[in-house]
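Subject: The model we talked about

Hi there,

Here is the structure I promised to pass on. Have a look at it first, and then read my notes below.

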Amino acid sequence: MSTENLSDVTTGTATGPQGADSTDDVDYADSRDTTEGRVYTVSGGDWEDLIEDSRHDERMVINMGPQHPSTHGVLRLVLEMEGETVTQLRSVIGYLHTGIEKNCEYRTWTQGVTFVTRMDYLAPLSTEMAYCLGVEKLLGIQAPRRAELLRVMLLEINRIGSHLVYIATGGMELGATTAMTLGFREREEVLHLLEHLTGLRMNHAFIRPGGLAQDMPDDYQEVVSAFVKTMDERLPLYDKLFTGQPIWRNRLKGVGYLPVDACLALGVTGPVLRSAGLPWDMRKTEPYSRYDEFEFDIPTSTEADCWARYLLRVEEMHQSLRIIKQCLKKLEPGPVMVEDKKVAWPAQLSIGSDGMGNSLEHVRKIMGQSMESLIHHFKLVTEGFKVPPGQTYTSVESPRGELGVHLVSDGGTRPLRVHVREPSFVNLQSMPAMAEGGLVADVIAAIASIDPVMGGVDR
């Protein structure tokens, strides 16, 4: 075998017989300092400088992400480490930026729902709810009682689905693959149910200004009751599989500690805040959509660690099932959209038998019987309704914490400004406080316990 064209490892990577220094006659970019830390050349030519920098304190800088496993989504972490201990952590975001808030300014108020629902894609109904409550406040209207109760039911079904993804992905990231298979098995029950009730598994755009897009299907009582029964049977399995499991407990207990004063200083809300002992939940502290009519508990803990956050979320799923059962008892026949035909969108809409498009009966009416209905339908869909000038801030309790929407109207058919206080974005700034001083393996557990959704962070 001829070896004349193989490189000489002592002289470089060229494949000529002589071999050559790989940096000969090649201009590589110099290293530079950025807001995320030092960026080194692709050639590694400044490796000696790096070694010199860290010779005295044994530091090293590693890049974690952006990729799905371990970083809970497209999140990049720059870790400065001394051995296995994290001495500094910086989170780098923006890899999933969509410009949703700006896009809302170029759509009607109703079309904005289809944008905001894509922020937190694990709990889309929460964002829809906050947005629509803001629009309704500006309009000075309130959704009918049936619509408000159905909103609560949908939100709590969605909350269960979101917490199941937390257990599934968090467990997988820590090596408990059974958590992944079980968590997504139960979440599939949630998505099937939501598809049956709203027509879509995710990004529903079902909650609309003034009420809901449609009423529930005829069999919703039986289907939701069957779901509640299934979840009541399966949720105790998580306690058997994880709560009493020593490896799971040891990976989470005492990890990602964040006391209540740090939570308040950083604006952290949701299960992370409640795990530190403060029972702050918008459903209780500032009730909306008739939450004040329901009996449920806000679980809290004083452990302020990943273990407490896991236990809280499991208990919150039980409380959500409790609320759903009460919803089924409270629901009575009635409208699911306000009576004002200038707001109700689309007016008198009924869906076709295949679940897509307008029904033939509706098309026949607006196309053949009433020119006024056709004109109204056309203008309402294309131009939208006008919202009086003003601004408002409304908030709801999403599975990740306080989700607030700031809306500004100039009196037109489109929002002047939309800004969302996304809990994933705010909670993510607690990462350094949770992780610095701990082991690199505990960084993964800390991220999972915050349960950030990067669609909400970057939006």
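Where is the place of arginine 400? Arginine 400 sits in the loop between strand 8 and strand 9. Before I go on, a word on the source: this is a predicted model, in which local features need pLDDT of at least 70 and side-chain atom pairs count only at pLDDT 80 or more, while totals for chains, interfaces and linings use all residues. Residues are numbered from 1 along each chain as its sequence is written, and side-chain values use heavy atoms, with hydrogens and water left out. When I say helix (H or I, at least four residues) or strand (E, at least two), I mean a DSSP run, numbered from the N terminus.

**Around arginine 400**

Arginine 400 is buried, with a relative accessible area of 1%. (Buried means under 20% relative accessible area, exposed over 50%, and partly exposed in between, with a 1.4 Å probe and protein chains only.) Arginine 400 and serine 162 are 238 residues apart in sequence, yet their C-alpha atoms are 8.9 Å apart in space.

The two strands beside that loop make a hairpin with two residues between them. Strand 8 and strand 9 (residues 401–409) run antiparallel and are joined by nine bridges; strands count as paired if DSSP finds at least two bridges between them. Within this pairing, threonine 392 faces leucine 407 in strand 9, and glutamate 397 stands opposite glutamate 402, also in strand 9.

The hairpin belongs to an open sheet of three strands in the order 8-9-10, with antiparallel pairing. Strand 8 (390–398) and strand 10 (417–421) are at the edges with a single partner strand each, so one side of each has no neighbour in the sheet. From one strand to the next, the twist averages 15°. Angles here run from 0 to 180 degrees between N-to-C directions, and axes are lines fitted to C-alpha atoms, for helices over the stretch in contact.

**The other three-stranded sheet**

Strands in the order 3-4-5 form an open sheet of three, and the pairing is antiparallel. Its edge strands are strand 3 (59–64) and strand 5, each of which pairs on one side only. Neighbouring strands are turned by 20° against each other on average, direction ignored.

Strand 3 pairs with strand 4 over six bridges, and seven bridges join strand 4 (residues 76–82) to strand 5 (residues 85–92). Methionine 81 is a nice residue to click on: it is the bridge partner of methionine 60, and it stands opposite valine 86 in strand 5. The hairpin of strand 4 and strand 5 has two residues between the strands, and there glycine 83 takes a positive phi near 70°.

Proline 66 is in the loop between strand 3 and helix 2 (68–71). Proline 66 is partly exposed, with a relative accessible area of 34%. Proline 66 and isoleucine 93 are 27 residues apart in sequence and 8.8 Å apart in space, C-alpha to C-alpha.

**Helices**

The axes of helix 6 (residues 145–173) and helix 13 (residues 306–330) come within 9 Å and cross at roughly 150°. That makes the two helices roughly antiparallel (under 35 degrees counts as roughly parallel, over 145 as roughly antiparallel, 65 to 115 as roughly perpendicular, and the rest as oblique). The residues of their contact divide into 17 nonpolar, two polar and seven charged. Nonpolar covers Ala, Val, Leu, Ile, Met, Phe, Trp, Tyr, Cys and Pro; charged covers Asp, Glu, Lys and Arg; the others, Gly among them, are polar.

Helix 5 (residues 124–139) has 16 residues and reaches 23 Å from its first C-alpha to its last, close to the 22 Å expected at 1.5 Å a residue; the expected span is 1.5 Å times one less than the number of residues. Helix 5 is mostly covered, with 15 of its 16 residues buried. Glycine 140 follows helix 5 and has a positive phi near 75°.

**Two backbone angles to check**

Most residues other than glycine have a negative phi. Asparagine 203, in the loop between helix 7 (177–198) and strand 6 (207–208), has a positive phi of about 50°. Serine 289 also has a positive phi, near 50°. Serine 289 lies in the loop between helix 12 (282–285) and helix 13, and is buried, with a relative accessible area of 6%.

Best wishes
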